[in-house]
Amino acid sequence: MASFKTYYEIMKVGELFKTVDKMTPPKFEKVKRYIFIGCGSSYNAGLIISEIMRKNGYSADAITAGEVLVKEMFDEIIKNYDLAILISRTGYTTETVKVAELLKGRIQTLGVTCDRKTPLANVCDLAYELDFAHEDSVIMTGSFSAIVRLFLNGIKRIDIDVEEVLKKFDEMTSNDIVHKKSHFIFLGYRERYHMAKESALKVQELSLDHSEFHETLEYRHGPIALLSPNSHVVIFSEFKNPSPLEENLAKEIMDRGASAQIIVPFTNDPALEVQVLNLYGQLLGYKRAIHKGLNPDKPHGLTKFVSL
Ligand code: F1P
């Protein structure tokens, strides 16, 4: 199970958090307007961070670097925001670097990477270079949590027993699911919806399985038609005692012959602990890849970063 780099990169998240907690997190100001820009998982990190910032009274949005380029949104960004935070684990994704270049000198830019001396950090005014979170494998795993935690520490630092979470998710992604299921659906609201998106992406990237994400009860409005005994549904609930509506949905899914799990918060701050929920999808994707005989470090058809 543990012979691939991806496995170590997932499991070292507790170590990463210790280093992140020694860093000075960004100091957010309520009057400033922040925009997070990135691609793939780095965009999903921006979605989650900005969602939680908004919940805490800050002004923050997220957008893909691709949309900024396709729609040439540079003037709009300069007019509506005070700081552009560009996230890219590698610092090489061309869409993100290009946006940083085109914004340069017109709005303050902060680059966030998991390596030193990257093109993104080079073009931004300021940079967070989390080189301790560098990853050799193609897929972004532990570094995602490190970036999210760094920014959420700027709002409030919470204690999370990461080893406990990893143990729990390891148990939850049991052979019953890994060996029998091939269609995965992640459900949640707000930051948990973004986490559902990120989880579905990890499963797709690592195991090349079909995966989906929806807002929890929206799943009943159409997508549930594709449910089969091969399907496994994960509901990210924000309540220690899940809502009866979430429980009824899980029951309905099981009545239709699929499996369902509800993941409830581990801490007293359900919004901020979102930084570890991604580990479930990472472990599931990793285990499915191993089960299917795939190399999770170098998934078919993917590269470490995308060039235009
Ligand atoms: C962005 C990204 C990754 C993804 C894939 C292609 O990379 O979309 O999230 O896993 O391998 O690139 P980056 O800008 O964060 O380096």
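Hi everyone. Let me start with one pair of residues: Thr113 has Glu129, in strand E5, as its bridge partner. One thing to keep in mind as we go is that this is a predicted model.

That bridge belongs to a longer story. Strand E4, residues 108-113, runs parallel to E5, and four bridges join the two. Zooming out, both sit in an open sheet of five strands, with parallel pairing and the order E2-E1-E3-E4-E5. At the edges you'll find strand E2 (59-64) and strand E5 (126-129), each pairing on one side only. On average, neighbouring strands of this sheet are turned by 20° against each other, direction ignored.

Now, on to the ligand. Which residues are closest to the ligand? They are Gly40, Ser88, Arg89, Thr90 and Thr93, out of 17 residues that surround the ligand. Helix H3, residues 40-55, gives the most to this shell, with three residues. Sorted by class, the shell holds seven nonpolar, seven polar and three charged residues.

Last, let's look at two backbone oddities. Most residues other than glycine have a negative phi. Lys117, however, has a positive phi, near 55°. You can spot Lys117 in the loop between E4 and helix H7 (119-123). Is Lys117 buried or exposed? Lys117 counts as exposed, because there are 11 C-beta neighbours inside 10 Å, and the limit for exposed is 12 or fewer.

The second is Arg190, with a positive phi of about 50°. Arg190 lies in the loop between strand E6 (183-188) and helix H11 (191-207). With 18 C-beta neighbours inside 10 Å, Arg190 counts as partly exposed. Thanks for listening!

Conventions. Residues are numbered from 1 along each chain as its sequence is written. This is a predicted model: local features need pLDDT of at least 70, side-chain atom pairs count only at pLDDT 80 or more; totals for chains, interfaces and linings use all residues. Two strands pair if DSSP finds at least two bridges between them. Axes are lines fitted to C-alpha atoms, for helices over the stretch in contact, and angles run from 0 to 180 degrees between N-to-C directions. A residue is near a molecule or strand if its C-beta atom, placed from the backbone, lies within 6 Å of it. Ala, Val, Leu, Ile, Met, Phe, Trp, Tyr, Cys and Pro count as nonpolar, Asp, Glu, Lys and Arg as charged, and the others, Gly among them, as polar. A residue is buried if 20 or more other C-beta atoms lie within 10 Å of its own, exposed if 12 or fewer, and partly exposed in between; C-beta atoms are placed from the backbone.
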